[in-house]
Amino acid sequence: MGTGRTSGEGAETSAAQQVLRRVFGYSSFRGDQSAIVEHVIDGGDALVLMPTGGGKSLCYQIPALVRPGVGVVISPLIALMQDQVDALNDLGVRAGFLNSTQYPDERRTVEAQFVAGELDLLYLAPERLRMESTMRLLERGEVALFAIDEAHCVSQWGHDFRPDYLGLSLLHEQWPHIPRIALTATATEKTRDDIIQRLGLDSARRFVSSFDRPNIQYRIEPKNRPERQLLEFIRTEHPDDAGIVYCLSRNSVEKTAAFLTENGITAVPYHAGLDNRTRAAHQSRFLREDGLIVVATIAFGMGIDKPDVRFVAHLDLPKSVEGYYQETGRAGRDGAPATAWMVYGLSDVVQQRKLIDMSDGDAAHRRRLQLHLDAMLALCETVSCRRTGLLAYFAESGPPCGNCDTCLSPPESWDGTVAAQKMLSAVLRLDRERGQSFGAGHIVDILRGKQNPKVLQHDHHELTVFGVGNDLSDTEWRGVVRQLLASGLLAVRGDYGVLTLTDASAEVLFDGRRVPLRREPERASKRSRTAPMGKPTAPDLASADLPVFEKLREWRAATAKEQGVPAYIVFHDATLREIAARKPVSMAQLGEVSGVGENKLAKYGQPVLEVLAEM
Ligand code: ADP
Ligand code: ZN
């Protein structure tokens, strides 16, 4: 087994480095990549925890190319295998896959290639490992390594458990000397331990990267007219970009997609209520076209490895910080600036609390859901750096990031103790004196002294708290309620979202507990109209180079269409951007651009130079 490593201080580059340059066209490894690749080339087992976009694929692809034999990749993402294999073929790497979507003769061809050693990489769906025939096939060829992608699927703790993954322990028993590399972007400790235990990876070396995604700008804004806010956000910051918009319900997915389309923005819906064909077609368009928006429930996204998603927007609150992290993480895999944008308001808190109340499962289960939601709410209400809060969830610490809304324009906090006392005592009085409970809107009306029909009907203008809250606006009061709910000082109950006190309410009412609150910006979206916070799509591109970039994009779209592959498989945006900036005039110069490997240069070099020459 050749390690391909040369001795001697930097005298020569390693085999891995050469493959990185020649095949992938990249000049250097990122983060832990180099250490991981060398470790696996040397025959070691590895557990790799790296965020989305961190560059996990190279960690097994390069060792597979350097070691003799075929790298066998176990992946649950069957729908993406064709694209993965197309991308590798386009790089000149010999790759194939075996899954249930194939015709038997296609499968036989791939099997023959594997046995003959004519493949560098073979992608396998996990359920194939349960088949005796697959095990026999693997015995007939030479395996360079086993890569277990999306390794969290082996864990019952994850949200994506696949029973077939349990069969993976067989690999080690059968091939104890072939290195295994398990990779995942799911970071919680429980999941991590479960992967190690179930795959028997106790002696594997662990590579844990930071889960920070510095190129993603995190922003959470007050929700008032969510669809309008979304439209404004897209128009001002991401006019021609690909993005994902998440909504809670199928109905709001449909409505939002229609609203965007009516307003001249190309958007398609995606949710579990659509038939398979439509869903697959919309996903495929998203992957293949430039600048398409998908409006989706969380059914969409698992394994979407489109590198140039420029924004992820949430119109409804995710149920947990982990969900939020996974969903927003689909933006900016290519490392270029991207935005995670969310609108959030009182209705979200009420709705999520209600969903938990109505959920199946025992009290312990509901309690867990509560804790998840509380962590998410704390992230929404924080007056400190969002990123710091997010990373704390993964037990990472760091200084304020400078690239989230709270860092960029720090929110003010104010002493909301008196306001909280007014609100809580209104709830208390209605309950004690009248045995009544009401939703937030009505209680705010009472505090603000509004003599509307509902107030008069219930004689609520006679309550001592009537009109004591005129110092704050409706919006501000809703902010108070939202934050009290978020911090558990108030609770909602039942279908109508009526407010009730909690044990902690008494601390505010009677024990002098202080309540610091976040100030509500009166007009949240105004700022973004005048000065968008998000960076433009191509920050490192001078405006003079933009037409060149657009021309290259057009060429890429046409080329990709001709070949029936997603545009990013031809070249990534980052590569096109660099070409537009450097304007190479020879094949040699073009070959120096990051992302232009040997094969791509031979295949696309001339046409790209021609596009440039026409400008
Ligand atoms: P992950 O699977 O961890 O989400 P990928 O393997 O898809 O990430 O890589 C994310 C992006 O980063 C891809 O576009 C990939 O080509 C690019 N990339 C990975 N490693 C490097 C590197 N060393 N230099 C430049 N680009 C890289
Ligand atoms: Zn920050």
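# Briefing: two parallel sheets and a bound ligand

An open sheet of six strands, paired in parallel, follows the order β8-β13-β12-β9-β11-β10. The strands β8 (216–222) and β10 (267–270) stand at its edges with a single partner strand each, so one side of each is left without a neighbour in the sheet. The model is predicted. A further open sheet, of seven strands, also shows parallel pairing, and 15 residues surround ligand 1.

**The six-stranded sheet**

- From one strand to the next, the twist of this sheet averages 15°.
- Strand β12 (residues 309–314) runs parallel to strand β13 (residues 338–344), and four bridges join the two.
- Within this pairing, H314 stands opposite M342 in β13.
- Helix α10 (residues 250–262) packs on the sheet, where it touches β10 and β11 (293–296). The direction of helix α10 makes about 170° with that of β10.

**The seven-stranded sheet**

- The strands of this open sheet are arranged in the order β3-β4-β2-β5-β6-β1-β7.
- At the edges are β3 (95–98) and β7 (205–208), each of which pairs on one side only.
- The twist averages 20° from one strand to the next.
- Strand β1 (residues 46–49) pairs with β7 in the parallel sense over four bridges.
- In β7, V208 is the residue that L49 stands opposite.
- Helix α5 (residues 104–115) packs on this sheet and touches β2 (70–74), β3, β4 (121–124) and β5 (143–148). Its direction makes about 125° with that of β3.

**The surroundings of ligand 1**

- Among the 15 residues around ligand 1, those that come nearest are Y26, G53, S57, R333 and H572.
- The shell around ligand 1 is made up of eight polar, four nonpolar and three charged residues.
- Helix α3 (residues 56–66) contributes three residues to this shell, the most of any element.

**Polar contacts and burial of ligand 1**

- A polar side-chain atom of R333 is 2.5 Å from an oxygen atom of ligand 1.
- The side chain of S57 places an N or O atom 2.6 Å from an oxygen atom of the ligand.
- The backbone is also involved: a polar backbone atom of S28 lies 2.9 Å from a nitrogen atom of ligand 1.
- Ligand 1 exposes 560 Å² when taken alone, and the protein buries 85% of that area.

Definitions and conventions
Residues numbered from 1 in each chain as written. Chains lettered and ligands numbered in written order. Predicted model: local features only at pLDDT ≥ 70, side-chain atom pairs only at ≥ 80, totals over all residues. Heavy atoms only, no water. Near = heavy atom within 4 Å. Polar contact = N/O pair within 3.5 Å; in protein donor to acceptor, adjacent residues only side chain to side chain. Areas by Shrake-Rupley, 256 points an atom, 1.4 Å probe, with all protein chains shown as cover. Nonpolar A, V, L, I, M, F, W, Y, C, P; charged D, E, K, R; others polar. Pairing = 2+ DSSP bridges. Axes fitted to C-alpha atoms, helices over the stretch in contact; angles between N-to-C directions. Contact = heavy atoms within 4.5 Å.
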